[in-house]
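Dear colleague,

I am handing over the structure we spoke about, which you will find just below. Please open it beside this message and follow along as you read.

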Amino acid sequence: MKKNLLLLFIYILLPLLAFNQSFEKNLSKEKWQFKNAKETEWLKATVPGTIHTDLLILNKIPDPYLANNESVLQYLENENWDYRTNILITKAELYNEHIDLQFEGLDTYAKVFVNDSLVLEANNMFRTWIIDIKKGLHVGKNTIYIQFESAVNKAKAEAAKLPYTLPGDEKVFVRKAQYQFGWDWGPRFVTCGIWKDVKLKFWNQAKINNIQFIQKSLTSTKAFVEFKLQIKSSLDDMFQIKVLDNNAVKVFDMNVNLQSGLNSIKLAIEIKDPKLWWTHNLGEQNLYNYAFKLTNSKRFVDSASVTFGLRTIELMQEKDSIGQSFYFKLNGVPIFAKGANYIPEDNFLPRVNLAKTKELIKNAKSANINMLRVWGGGVYASNDFYKLCNQNGILVWQDFMFACAMYPAENEFLANVSAEINDQIIRLRNNPSLAIWCGNNEIDEGWKNWGWQKQFKYSTADSAKIAEQYKTLFEIVIKNAVYDLDNSRFYWPSSPSIGWGRKESLIQGDAHYWGVWWGMEPFKIYQNKVGRFMSEYGFQGMPSVQTFKNMGALHLKEGQNVLDSTVLKTHQKHPIGYKTIQTYMERDYWVPKTFENDVYVSQLLQAEGIKTAIEAHRRAMPYCMGSLYWQLNDCWPVTSWSSLDNNGNWKAAHYQVKQSFNDVLISFQEKEDSVLVYIVSDKLFDLKGNLNLNIFDFDGKTIFSDTVQTIVKSNTSSIYYYFDKSKLKGEFNFNNLVLSASFNDENTNINALHYFVKPKDLLLQKPTIYFKYLNKNQIEISSDKLAKNVFLRTDNKSYQFEDNYFDLLPNEKKIIYISGKYSKTDFFNTWAKSLFDAK
C-alpha cells in the first residue's frame, strides 16, 4: 500500500511540484561525440571545444602550436563536421510549459536537429541561440545532432557573389573571430565546434530574459537607480517581484501585471550613502549585487541577479587652442588611461578558463594597468574577463568585432550583425568597468589611408557603395543599437579616428602611431608623435627561451642559425619581423652572438621602446591622457608585440610597463644642452618631499649631487629640475655616467636612472653581482660596479620576481620581493646576467 502511494506521488504530484519552477541542465556535461561528415566513425568529443582540440585530445593530430604543425593542419578548415549527444528527459521535465535549448556559442555555420527535426540554422559565432524545443521532445532518450559546415568554404561562396573583392578576403563574410584566419602575430586555425556551454532551460508561466541597470543620478549621499526587466510571459496574470541586496535584505517589492509575450518592467530604487567604484589606482572597487525573484501567488517562478557599480564615466572632447581633447572622467576626476590592447588568450577559445584569465588580469594590475582595450579582430571577452576587471578596477575599451577590412553590410549580413550587437550590448552593459563602445579597429583609417581603392581597382560606383555600407554598419546600425540599449556610454565609430600619417591624428581623437616599427623610425620619434589619446603603438620582443623550447624551435642542425629555422619563421608572423628587430638592435645595442642573448637583448630593446613611448605620453598630460600599448598578451607561442608571452612569462617590457605606469613617475627628457626632470603623479592629493639628484660614474664615484624640497601637485605632470649638461663637458665622459633621481616622502620612494648615450656606447665593465638570501619572499642583490639590465632567472616557475631586468648602481643594495614558493634550494639555482654579459 505504501509503495503504491509513493508511486502515485511520483506520478501525479511530482510534476505539480516541478510546475512553476524554472531550472536548467548543463548539456555540456553529456556524452558528446563527433566525426568528419564524410566518415562513419564517431569519436569522443569535449564540450565546450573545437574540432582541433577534440582531435588533439585523441592524438589524431599533432600539437598545432608545436614546430611547423600549423601548415600541416590547414586541411581541417575545409572539412565539415558532425556532433551529437543523447539526453534523457523525464516525465516531470516534459511536464514543464517551455523547454529552451540554449547554445551560448556555436562556431559558426551549424544546423541543429532534435530527434531528426531541424530546429536551428546558426550563422554567427558571437550570438546566443535559444529555441523552444518542447514539442520535439519525448520522455526517454532524445538526440541532438549538429552539422557544422566549413566557414572557409561558406565564406568563399559568399565572396564569389560580389563583382569585386573586399579588403580582408573571405573572412569578412562570416561572423567569426577574424584573427583565426591569421594575423601578424597569430596562426591560421579556422575552427568550428560548440565553443561555449549548451543548456536546457525549463520554465513555466514567465522568465526573466535580462535586466538592465541604469544609474539615474549620483551624489555623495544618495543614488537613484532604475532596473529595467525584460520578462517573457506565457499568460496574462499578476506577478510579484522582490529585490534583495548583497546581504539578502529586501530593498524593494511590487506587484506587476504581465501580458502574454514580452514585458518591460521598470523598478526605481534609492541607495543611501552610495559607495563608488574606482579604478584600482584611485580608490575601492565597490560592487553591489541585487537578486530579483519573480513569484506568482507566492510560488517561485524565476530569478536573476545583477552586479553593478555606482560611478560616472564621461568621455571629454573639448575644443582647445591646439585641437580637441580626448580623455575620460571617472566620478568627475580626469584620469590618465594606462593600459594595453587585449587579444584572445588562445587560438582555441574553450581552453581559456577562469584561472588563466584571472592570472592575466592579475599581471595587468601588477603592471599598474587601469584600462584594457578589447581589440576588434578577436572575440568579445568572456564574462569572467569583465567580472575580473570589475573586481580589480580596470576600465575596458570595448571594440565590436570588426577589424582592418571592409564588410558586406547589407540585407542578411546586417540583420545577423544587428542580432549579434544586441546580444553583446545586453550581456556587457551592466559592468562598471565598461567605459566606451567602439565600432571597429582601423577600418576608417584603412579606407582613407591604405590605398584599398587603388589596390582592388574599384570603380567610382563600387567605391561609393562600399563606403556607404561602412556608414550604414558603423554610423547607423551599431550606433543606434548602442543608443537604444546602453545610452549611458559613448560610442566611438572607429579607432583610430584619423590615420597616423596625418597631422590631425595628434591633435584630436585617439591615435594609433606605427611610425616606429612599420615606419622604421627611431624610438626618439615617440617624443614628438604624441596625440591626445594613444590607443595603439608598440614594438616586438621575443618570448622567453623556455617558450621557444616548448614550441620545438631549438632542435637545429649543426651550424644552423636559429633565426633561419622554419620553426622560428612559423612563429613570427610579421614578414620582416626578425629583420626589423635586428635593424633596431644594431642602432642601439650590441648584436649578441648567441640565441639566448638575442632573446635577452630583443626584450631590452622592446622595453626601451615601450618606455620611451609611455613616458612621452605621460609627460605630456593633460594634453595626452591615454597610453594603451600594443599588446598585452599572445594567443599562441610567438615572437610578437606582447609584454606577456603565451606562457604568462613577463618579458622585460612588462617589468618596464610596471615602472613607467607607476602612480608617481620620474621621467627624463634630454635636450641638446640639458636634461629636464619630470615628476608625473596620478595621485588625487599633493606630495611633499625631497627630489634627490646624483650623477655617478660606473665605479660609483659621485660627480654631482643636489637635493631640492618639492611639492608634487596632484594629477599633473611638471618639470621639477633642470640640469645643465655644460657642467660636465670636457672633464667627464658621458659614456661612463648615469644620472640618478629619486623622490621620497613619508609614503613614497621612487627612483629612476638616465643615461646620456645609447646602450651600445656605454663603457660598461664586467660587474660582480652578489646575492643574499633573506627569507622565502626576499633576496638582496648588489654589485661592485654598475650592472645594467640585471636579469634574474631560475628554472622554477612557481614564483615571480617582482622586479627584473633592472639596473644596479655600484654598491647599491636592492631588495627583490618574490611571490610564490621560493626556497633556499631555488636561491642556489638562481643566476643573473647583465648587459655586459651579452656582448
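**What surrounds helix α16**

The buried residues of helix α16 are covered by several elements, among them α6 (354–366), α15, β32 (626–629), β33 (664–670) and β43 (799–801). Please keep in mind throughout that this is a predicted model. Helix α16 spans residues 652–660, and seven of its nine residues are buried, so the helix is largely enclosed by the rest of the structure. If you would like to find them one by one, the buried residues in α16 are Ala-652, Ala-653, His-654, Tyr-655, Gln-656, Val-657 and Ser-660.

**Helix α15 and its partners**

Since α15 is among the elements that cover α16, it is a natural place to look next. How do α14 and α15 pack, and at what angle? Helix α14 (residues 577–588) and helix α15 (residues 595–619) pack at about 75°, and their axes lie 10 Å apart. Because angles from 65 to 115 degrees count as roughly perpendicular, the two helices are described as roughly perpendicular to each other. On the α14 side of this contact you will find Ile-581, Tyr-584 and Met-585, which meet Asp-598, Val-601, Ser-602 and Leu-605 on the α15 side. Sorted by character, the residues of the contact are five nonpolar, one polar and one charged. When you look at such a list of positions, it helps to remember that an α-helix has 3.6 residues a turn, so residues three or four places apart point the same way.

There is also an open sheet of three strands, in the order β44-β42-β46, whose pairing is antiparallel. The edge strands here are β44 (806–808) and β46 (831–833), each of which pairs on one side only. Neighbouring strands of this sheet are turned against each other by 45° on average, if direction is ignored. Helix α15 packs on this sheet, where it touches β42 and β46, and the direction of α15 makes about 120° with that of β42. Within the sheet, strand β42 (residues 787–793) pairs with β44 in the antiparallel sense over two bridges, and the bridge partner of Val-790 is Phe-806 in β44.

**Strand β41, an enclosed strand**

Is strand β41 buried or exposed? Six of the six residues of this strand (residues 778–783) are buried, so β41 is largely enclosed by the rest of the structure. Gln-778, Glu-780 and Ser-782 point one way from the strand, while Ile-779, Ile-781 and Ser-783 point the other way, and all are buried.

Strand β41 pairs with β40 (residues 769–775), to which it is joined by six bridges in an antiparallel arrangement. These two strands form a hairpin with two residues between them, and Asn-775 stands opposite Gln-778 in β41. Strand β41 also pairs with strand β45 (residues 814–820), again in the antiparallel sense, over four bridges, and in this pairing Ile-781 stands opposite Lys-814.

**A four-stranded sheet and an exposed loop residue**

Another open sheet consists of four strands in the order β36-β35-β38-β39, with antiparallel pairing. At its edges stand β36 (702–712) and β39 (749–755), each with a single partner strand, so one side of each is left without a neighbour in the sheet. From one strand to the next, the twist averages 15°. Strand β38 (residues 737–744) is joined to β39 by seven bridges, and Phe-743 stands opposite Ile-750 in β39.

The loop between β38 and β39 contains Asn-747, which counts as exposed because its relative accessibility is 73%. You may also wish to locate Lys-658, which is 89 residues away from Asn-747 along the chain, while the C-alpha atoms of the two are separated by 18 Å.

**The cysteines**

How many disulfides are there? The count comes to zero, where a disulfide requires a pair of cysteine sulfur atoms within 2.5 Å. The sulfur of Cys-389 is 17 Å from the closest cysteine sulfur, that of Cys-438, which is too far for a bond. Cys-404 is likewise in no disulfide, and its nearest cysteine sulfur, also in Cys-438, is 12 Å away. Cys-389 counts as buried at 0% relative accessibility, and Cys-404 is buried with a relative accessible area of 18%.

With best wishes

Note on methods:
Residues numbered from 1 in each chain as written. Predicted model: local features only at pLDDT ≥ 70, side-chain atom pairs only at ≥ 80, totals over all residues. Heavy atoms only, no water. Axes fitted to C-alpha atoms, helices over the stretch in contact; angles between N-to-C directions. Parallel < 35°, antiparallel > 145°, perpendicular 65-115°, else oblique. Contact = heavy atoms within 4.5 Å. Nonpolar A, V, L, I, M, F, W, Y, C, P; charged D, E, K, R; others polar. Buried < 20%, exposed > 50% of the residue type's maximum accessible area, 1.4 Å probe, protein only. Pairing = 2+ DSSP bridges.
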